[in-house]
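Grab the model viewer and let's work through a few exercises together. Try each task yourself before you read its solution.

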Amino acid sequence: MGWHQYSQELLLRCTQFWHAFWTVSRSLILRSRTLRLPSYQYASLQDPSKDIRLATVLPGGYGDDIIIRIQHVTLQSRRPIPSLRLSIQEIQSTLPASWVAHETIEGRCLFLRTKIYGEGDPTWDHPNPDIERSVYQRGTEASRLPADGVVFDALSYVWGSYSWLRQRRALVEYSERGKLVRARISIGENLDHALRNARYADRPRVMWIDALCINQSDEDERNTQVTRMADIYSQASQVTVFLGPPGEGSASAIEALKHISDHVELLQNGQISLSPGRDAGFHRSDLRLPFNDETWEAVSHLMNRQWFTRLWVIQEVLLGDMRAKIVCGQSEILWTRFCAAVVAIYRNDFISDTLRGDMVLVNSLCTSHPIHEAVKYTFLMSSLRSCSDPRDSVYGTLGLLPPELRRRIRPDYSATLVEVFTNSTLAYINQTKRLEVLDISANGLQKPGFPSWVFDPYSFRTGLGMYIIVEWPGQFCTHFSECHVTHEAPAILRVLGFSVAKVASVKPRAPGRSECSSEEDCLRSCIQMVRSWEPEDLYEGTYVTGESLLEAYARTLICNDLRDRTPSGRVPKPERWQGQYDINPLFGEFAQEGDITLSDLTTAEKHPLEMLVGRRLLECENGSIGIGPSDAQSGDLICILLGHENPIVLREQQDGTHKMVGICYLHGVSDGVALLGPLPTPWKVRRMLDSTQQFMICKFYNPDTEVLCDEDPRLDPLGENWEKLPARNRTAGDPQIFQEFRDKTTGRIIKSDPRLSPEALRIRGLELQEFSIA
């Protein structure tokens, strides 16, 4: 170690020691000065379902005592006020054929020329100058203003440790018998830093801060106030995200992020676009970003700040939306601009695998759309983050759930974990009339005493040690049907469905990601294992559907996620995939040569491999094949449950109930084939983006006539009492797959096809049975 490096290390250690000494000394001095002050006693809220507390932080310098005043105010829920701006679909109808409209995450409308006409510069201005700007650009939304004239900011931060050494004291100032008196209140070290950083030097600042504005020792109040998070953070004038004190290059990291965000726009569909008037090319994944290793290391440190790992912050920042800003020391950046930069970096081909790994959680948060996405994705986000009370895996994201589902889940911190997770899973099923939550529930790793059908975030995290991709490409097995379930307390879920196959044998499992030393080792081991699965009669055999075994096997290994079924996705063409012309073939004569090259793999080349990590090939008694979960075994049943688009592996228990093992892909039963039979030639199912370009939907396509429609040619016309409603943009309260139908007699609207009711399916000859899943 050279003298220069040694002196720097010594200076760093001395600085750290002095900071720790100063922090502890200041804490002890403040404690001694406040010992004679009484502890602050909270006054009860008059109506916890309507009232909240606000903390007015009095002005002061960074080293001054923290003094606050607490007041009670009424904060009513506010219904969103519809925007006067046209929808993106309506704006699109005003454009020439060569243009397309996109919405950014800030709600602005961005106009782009389509690629077939040659890419032009994006613009905020409508190509037709006669179109009024108010028609397509969104102004200040009244729904963003606080209700009842209550103006306040909200703070998002990490609670951290409340141990004796890390506890700090703040002073609460209040009036008693006409005199202004003070009491002491304990706060954590992180909140102490946040308040010193957030308070103004010359004027008071009114804030909502969970540790101060909720009486944490009053369980009933906590239960009620947790349900107010949506109102609080959505109506705050500003949400300040405090990452902590400066350090490890945080200032240079934020400057780099701001520089990138000045040149890119993040669209609602998750894509990155060049910002109008810019030409740096930061939106392109194939161009290297102009920063040195020191800056990237600083960015990595910033992404590893504890705030990004905590659960409660998800709803706090997402509800804050355009009013949220990231603060680290004196550096700050708007949340939406932060997200645009993060996504641009994450998708850049030249960043290191280490940095990309550090950004996984942050990127998932930046690209989340809980207002529109299926609720299971909100559940997924909660399972990937930590919280001090496991029940907060559910309660910590209540503010992001649709109101009708939120009303079904009432916080109760006296309930057991299994009760909380069971009730939230049932609430999801009963609200959506679907079993889509099973996609993330069924991993076979539940704790003892937990039903196998219940979504348990902790077991789900364990499953992530096995798999890279948890969810399959949508298989549309049960069409637009709804589930039919009965809950038999405490642990049995009776579900209507039917068995399609029984597992005869399983191939050795591809190694799970937690069993490998690196991503490269994981993918290499996966390729080697999958190559050993190849059937002996691959080129001569015929599959049970009548197609060649080669085609069926090829489609099975990629769960049929190919260009002829998903034309808008970045997936392989069927002929290329079946020929295995990629750099690392999984079957065929090229695979037998044994060479594996993992350098410079593209995302498209990695995706099929990632779906197979931790899984195994299933061979069934009826000759069908599939890809199943890690612990699938001979004798397991593969079943299709109404209201669930993916086949599920069930294992019969000695008492006649079934345990859920996991979801699977079984070739030949997708797209409603097991439910309604094969589509008439030449009809096919197409998975494609909806009109918002954000979510995948299923339509029926006739290549001969080029007809693309919502109506399945296998179904009879609707009965005269029913009508199908026009398609609309989805909301979080909708099932992942749905169509709406209205009963003309009663006016009742349902989100499933009445021609797929159990009675209608039985008339078609389908033998339904009830499975008791424990």
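**Exercise 1.** Find the residues that line the second largest cavity, keeping in mind that this is a predicted model.

*Solution.* Start with the lining: Arg 434, Glu 436, Thr 478, His 479, Ser 481, Gly 643, His 644, Glu 645, Gln 736 and Ile 737 surround the second largest cavity. Next, look up its volume, which is about 100 Å³. Finally, put that cavity in context: the count of cavities of 30 Å³ or more comes to 5.

**Exercise 2.** Which peptide bonds before Pro 490 and Pro 682 are these, cis or trans?

*Solution.* Step one is a rule of thumb: most peptide bonds are trans. Now check omega from Ala 489 to Pro 490: the value is near 5°, and the bond is cis. Pro 490 sits in the loop between strand 14 (485-488) and strand 15 (492-506). Then do the second one: Thr 681 and Pro 682 are joined by a cis bond too, with omega about 5°. Look for Pro 682 in the loop between helix 24 (673-676) and strand 22 (684-689).

**Exercise 3.** Is phi of Arg 177 positive or negative?

*Solution.* Most residues other than glycine have a negative phi. For Arg 177, though, phi is near 55°, so to speak a plus sign. To spot Arg 177, go to the loop between strand 6 (167-176) and strand 7 (179-188).

**Exercise 4.** Which residues form a negative surface patch?

*Solution.* Pick out Glu 248, Asp 293, Glu 294 and Glu 297, which form the patch. Then place Glu 297: helix 9 (residues 293-303) contains that residue.

Technical notes:
Residues are numbered from 1 along each chain as its sequence is written. This is a predicted model: local features need pLDDT of at least 70, side-chain atom pairs count only at pLDDT 80 or more; totals for chains, interfaces and linings use all residues. Side-chain values use heavy atoms; hydrogens and water are left out. Patches are made of residues with over 30% relative accessible area and no salt bridge: like charges are joined within 9 Å, nonpolar side chains (Val, Leu, Ile, Met, Phe, Trp, Tyr) within 5 Å. Accessible areas come from the Shrake-Rupley method with a 1.4 Å probe; for residues, only the protein chains shown count as cover. A salt bridge is a side-chain nitrogen of Lys or Arg within 4 Å of a carboxyl oxygen of Asp or Glu. Lys and Arg count as positive and Asp and Glu as negative; His and the chain ends are not counted. The place of a charge is taken as NZ of Lys, CZ of Arg, CG of Asp or CD of Glu. Helices (H or I, at least four residues) and strands (E, at least two) are DSSP runs, numbered from the N terminus. On a 1 Å grid over the protein atoms alone, a cavity is a set of points where a 1.4 Å probe fits but cannot get out, and a pocket is an open set with protein on both sides within 12 Å along at least five of seven lines; lining residues have an atom within 4 Å of a point. Grid points are joined across faces, edges and corners, and a volume is the space filled by probe spheres set on the points.
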